[in-house]
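Colleague: I am new to this structure and would love some company on a first visit. Could you pick a single part and take me through it slowly, one neighbour at a time?

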Amino acid sequence: MGDMYALDLALNLRATTPGAVVDELGRHLGVATGTGAGLPEGTAGVETGEPTEPADVFPLLAERGPAARIGGLLVGELHRTAHGWALTARQEVHAESLPDLDPLLARLAQHSSSEGVIGQIRFYEDHVPDLLISEAGTLFRMSLKPDGSGAARAYPPL
């Protein structure tokens, strides 16, 4: 038995997303080191006062190629659009990385222009995922498991 999770994200970030958040996302995608290097123009050197993770945090969205446990491919793409940024990612995340993933997902939801489902996460041996839902900048996690507890709850749990 493993302790991997399948994470799928598909969302848009507003053009007003602070550069520090875009830089952090770039580090997690493996395309930047905190200075905007490797990201499209307009993201470097923006001071916002927003908290970011320490530089030694493992890049959670940087794997590419065939997935070891969840099948399919691991991807992570961030592109500049006319209205901000578009993000699509599919990754295997180890259970030990979930404490680092939770605040990243919450920040993405806070700056997301996508309302509703922005992704899903599931233990790789489960057949049914939990939905990641953005509502007015707050991330909720809704279980779809047949135990009847499908109510959305704030994510991470308070």
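Modeller: Gladly! Let us start at A136, which counts as exposed because its relative accessibility is 72%, above the 50% that marks an exposed residue. One caution before we go on: you are looking at a predicted model. A136 lies in the loop between β6 and β7. Its backbone deserves a look too, since the phi of A136 is near 50°, a positive value in a residue other than glycine. As background, most residues other than glycine have a negative phi.

From that turn, follow the chain into the strands on either side. Strands β6 and β7 form a hairpin with two residues between them, and A136 sits in this turn. The two strands run antiparallel and are joined by six bridges. To see how they line up, find L131, which stands opposite M142 in β7.

Strand β6 has a second partner. Strand β5, residues 116-123, runs antiparallel to β6, and five bridges join them. These two strands also form a hairpin, this time with six residues between them. Here you meet L131 of β6 again, with Q120 standing opposite.

What surrounds β6, then? Five of its six residues are buried, so the strand is largely enclosed by the rest of the structure. That contrasts nicely with A136, the exposed residue where we began.

Now let us settle on one residue of β6. D130 belongs to this strand, which covers residues 130-135. D130 counts as buried because its relative accessibility is 5%, and the limit for buried is under 20%.

Which partners does the side chain of D130 find? One of them is S143: the two side chains make a polar contact at 3.5 Å. S143 is 13 residues away along the chain, yet the C-alpha atoms of D130 and S143 are separated by 4.4 Å.

Charged partners come next. In general, side chains of opposite charge can pair when their charged atoms come close. D130 forms a salt bridge with R141, where the closest N and O atoms are 2.9 Å apart. D130 lies in β6 and R141 in β7 (residues 138-143), so this pair ties together parts that are 11 residues apart in sequence. Both D130 and R141 are buried.

D130 also meets K145 in a salt bridge, at 3.2 Å from N to O. K145 sits in the loop between β7 and β8 (152-154), so this pair ties D130 in β6 to a part 15 residues away in sequence. Is K145 buried or exposed, or something in between? With a relative accessibility of 30%, K145 counts as partly exposed, because the range between 20% and 50% carries that name. Put these pieces together and a small network appears: salt bridges that share partners join D126, D130, R141 and K145.

To set this part in context, the structure holds five salt bridges. Another one is found between the side chains of E24 and R107, at 2.3 Å from N to O. This pair links distant parts of the chain, with E24 in helix α1, R107 in helix α2 and their positions 83 residues apart. E24 counts as buried because its relative accessible area is 1%, and R107 counts as buried because its relative accessibility is 14%.

Helix α1 makes a good comparison with β6. In α1, residues 19-29, 11 of the 11 residues are buried, so the helix is largely enclosed by the rest of the structure. Its buried residues include V21, E24, L25 and R27. What covers them includes strands β1 (4-14), β3 (73-81) and β4 (84-94), together with helix α2 (98-110). After α1 comes G30, whose phi is positive, near 80°. You may recall that A136 has a positive phi as well, near 50°.

Finally, a word on confidence as you explore further. The chain averages a pLDDT of 83, and 75% of the residues score at least 70. Over residues 33-38 the pLDDT is below 50, and this stretch has 12 contacts in the model beyond near neighbours in sequence. Residues 41-53 also have a pLDDT below 50, with 26 contacts of that kind in the model.

Notes:
Residues numbered from 1 in each chain as written. Heavy atoms only, no water. Buried < 20%, exposed > 50% of the residue type's maximum accessible area, 1.4 Å probe, protein only. Helix = DSSP H or I, 4+ residues; strand = E, 2+ residues; numbered from the N terminus. Contact = heavy atoms within 4.5 Å. Polar contact = N/O pair within 3.5 Å; in protein donor to acceptor, adjacent residues only side chain to side chain. Salt bridge = Lys/Arg side-chain N within 4 Å of Asp/Glu carboxyl O. Pairing = 2+ DSSP bridges. pLDDT = per-residue confidence, 0-100.
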